[in-house]
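Me: I'd like a close look at one part of this model, with the cut-offs spelled out as you go. Here it is.

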Amino acid sequence: WRLLGCPKAVPVAGCFQPCSVRTAGNSVPLTAEHYGVRRGDFATVSELDLQEFHSIVGPRLVTDPSAVEPYNTDWLRNLRGQSSVVLKPKSTDEVSRILAHCNRRKIAVVPQGGNTGLVGGSNPVFDEVVLSLSLMNEVQSLDETAGVLVCQSGCVLETLDSALAERGLMMPLDLGAKGSCQIGGNVSTNAGGLRLLRYGSLHGNVLGVEAVLADGTIVDCLSTMRKDNTGYDLKQLFIGAEGTLGVVTKISILVPPRPKSVNVAFIGCSSFESVQKVYVTAKAMLGEILSAVEFMDSACMHLVEHHLRLQNPISSHPFYTLIETSGSHDHHDEEKLNGYLEHLLSEGEIEDGTVATDYTKIAAVWALRERITEALMHEGVVYKYDISLPVSKLYDLVVDMRKRCQHLARCTVGYGHIGDGNLHLNVVGESHSDEMLSLIEPYIFEWTAAQRGSISAEHGLGFKKAQYIHYSKSTEALRLMREIKRVFDPKGILNPYKTLPS
């Protein structure tokens with residue numbers, strides 16, 4: 001470690017003291033009952049349907065209740081569906097045959113990848129058939145010259161990235177859930193992640209998709225060309241559609257060269273205004289090597305220290321900023337980073353910090369940021385929000401919600417991708433509470449809409465936010481979305497109760 005500045009201790013804002021270790025418990029309420037959802041006009045799975053499914057996937061038909069249950073419950077353990085059938089296809093043809101049968105019978109289907117989503121987009125609400133893509137995990141091709149990977153949608157993000165590392169390449173996105181999330185789910189939710197600042201969104205990195213429509217039609221838009229200006233760019237409709245327009249079965253994606261030089265600076269800041277100045281200065285002085293700018297508040301640091309026993313490498317501060325640089329020349333990159341940090345110190349913008357240059361210490365710094373969600377789960381029931389706001393307003397919402405919920409909440413914390421204007425706001429309660437939820441929603445969406453922000457920056461709408469889409473989309477835009485849905489899925493069998501309001 002290389003330390004900068006002098007230590008300064010501050011109290012933790014946003015957490016009651018002391019915070020005891022908690023779990024959410026084993027009881028997860030049924031989504032349909034808890035939210036008062038009315039079941040759509042769909043058929044129920046019969047014995048004949050099971051026979052048809054078995055003829056397609058054989059023993060990869062799962063009906064044992066204990067084996068099905070993990071597919072019903074979301075990762076946050078806030079939602080629970082009632083499915084009794086999970087299908088695990090291995091090929092696009094099998095997906096096509098499954099959907100064709102379900103469409104004929106009007107059986108609702110929920111596509112599911114790694115089940116790491118945070119808005120219930122991949123979990124059933126009632127008895128929908130779960131279509132697990134986890135066994136569709138083959139790499140089809142890798143063009144190292146062009147830097148293009150083609151693979152099935154069930155490939156785990158970290159597995160792909162590790163395989164590419166051997167060829168000096170990398171995936172253009174990185175998520176805290178990379179060890180479990182699947183690339184098809186990433187594409188279907190237009191996942192952002194930690195390095196969008198450097199490599200851009202999946203709308204720019206995905207060159208093509210193969211998808212299966214509700215009636216079993218296979219749509220081959222699996223181009224590997226960076227330039228293809230022939231007609232409508234249909235692949236874009238499947239990116240971020242959360243499986244409501246079709247099931248993504250294959251993707252082609254740009255895979256950039258892996259940086260040879262990576263450095264991480266972890267900086268203590270006295271205020272959110274200081275965090276903003278650190279970010280603006282990083283853009284100006286680090287330029288082409290800047291790959292990530294993240295922030296977290298002192299309440300987040302308290303949680304990862306207390307529940308996960310992670311170590312803060314610097315002294316306590318109200319805010320922390322993580323700066324990552326990625327380049328091709330160690331000396332050049334370190335010289336630029338050192339100049340940047342010396343400038344911040346001389347201007348009095350920062351008081352303390354550390355720089356990590358080897359993999360072990362870089363991973364330790366990133367763990368402080370990436371494992372906040374895990375730490376929150378130990379604290380209680382998490383009400384999680386993923387908001388886009390003007391950077392200058394980003395933390396104002398946290399302060400407002402902390403005051404609003406203080407008599408019920410154990411913690412209200414804020415962290416996120418300041419380089420993208422993306423706030424992850426989390427309110428933690430003792431248990432599932434309608435009173436708490438009514439304090440947060442729709443107030444948080446109204447607040448965001450007033451700033452012309454987005455109620456979902458990168459997690460999607462899923463089940464939890466579908467009814468609030470009007471806070472971010474106009475009536476005309478919503479009408480067009482409904483029309484597109486009717487064209488692609490006339491019977492509405494694909495991921496019902498998600499993305500669009502019922």
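How many bridges join strand S3 to S5, and do the two run parallel or antiparallel?

Reply: Some ground rules come before the strands. This is a predicted model, with local features needing pLDDT of at least 70 and side-chain atom pairs counting only at pLDDT 80 or more, while totals for chains, interfaces and linings use all residues. Residues are numbered from 1 along each chain as its sequence is written, and side-chain values use heavy atoms, leaving out hydrogens and water.

Now to your question: S3 (residues 86–87) is joined to S5 by two bridges, and the strands run parallel. Strands here are DSSP runs of E with at least two residues, helices are runs of H or I with at least four, and both are numbered from the N terminus. Two strands pair if DSSP finds at least two bridges between them. Leu87 has Leu131 as its bridge partner in S5.

S5 also pairs with S4 (residues 109–112), again in the parallel sense, over four bridges. There, Gln112 is matched with Ser132 of S5. Put together, the open sheet has four strands in the order S2-S3-S5-S4, with mixed pairing. Its edge strands are S2 (61–62) and S4, each pairing on one side only.

What about the side chains of S5? In a regular strand, they alternate between the two faces of the sheet. In S5 (residues 129–132), Val129 and Leu131 point one way and Val130 and Ser132 the other. All of them are buried, meaning under 20% relative accessible area with a 1.4 Å probe and protein chains only; over 50% would be exposed, and in between partly exposed.

Next, the helix packed here. H4 (residues 92–105) lies across S3, S4 and S5, running at about 165 degrees to S5. Axes are lines fitted to C-alpha atoms, for helices over the stretch in contact, and angles between N-to-C directions run from 0 to 180 degrees; contact itself means heavy atoms within 4.5 Å.

H4 has a helix partner too: its axis and that of H2 (residues 47–57) come within 9 Å and cross at roughly 165 degrees. That makes H2 roughly antiparallel to H4, a label for angles over 145 degrees (under 35 is roughly parallel, 65 to 115 roughly perpendicular, and the rest oblique). Residues meeting at this contact include Phe53 and Ile56 in H2, and Ile98 and Cys102 in H4.
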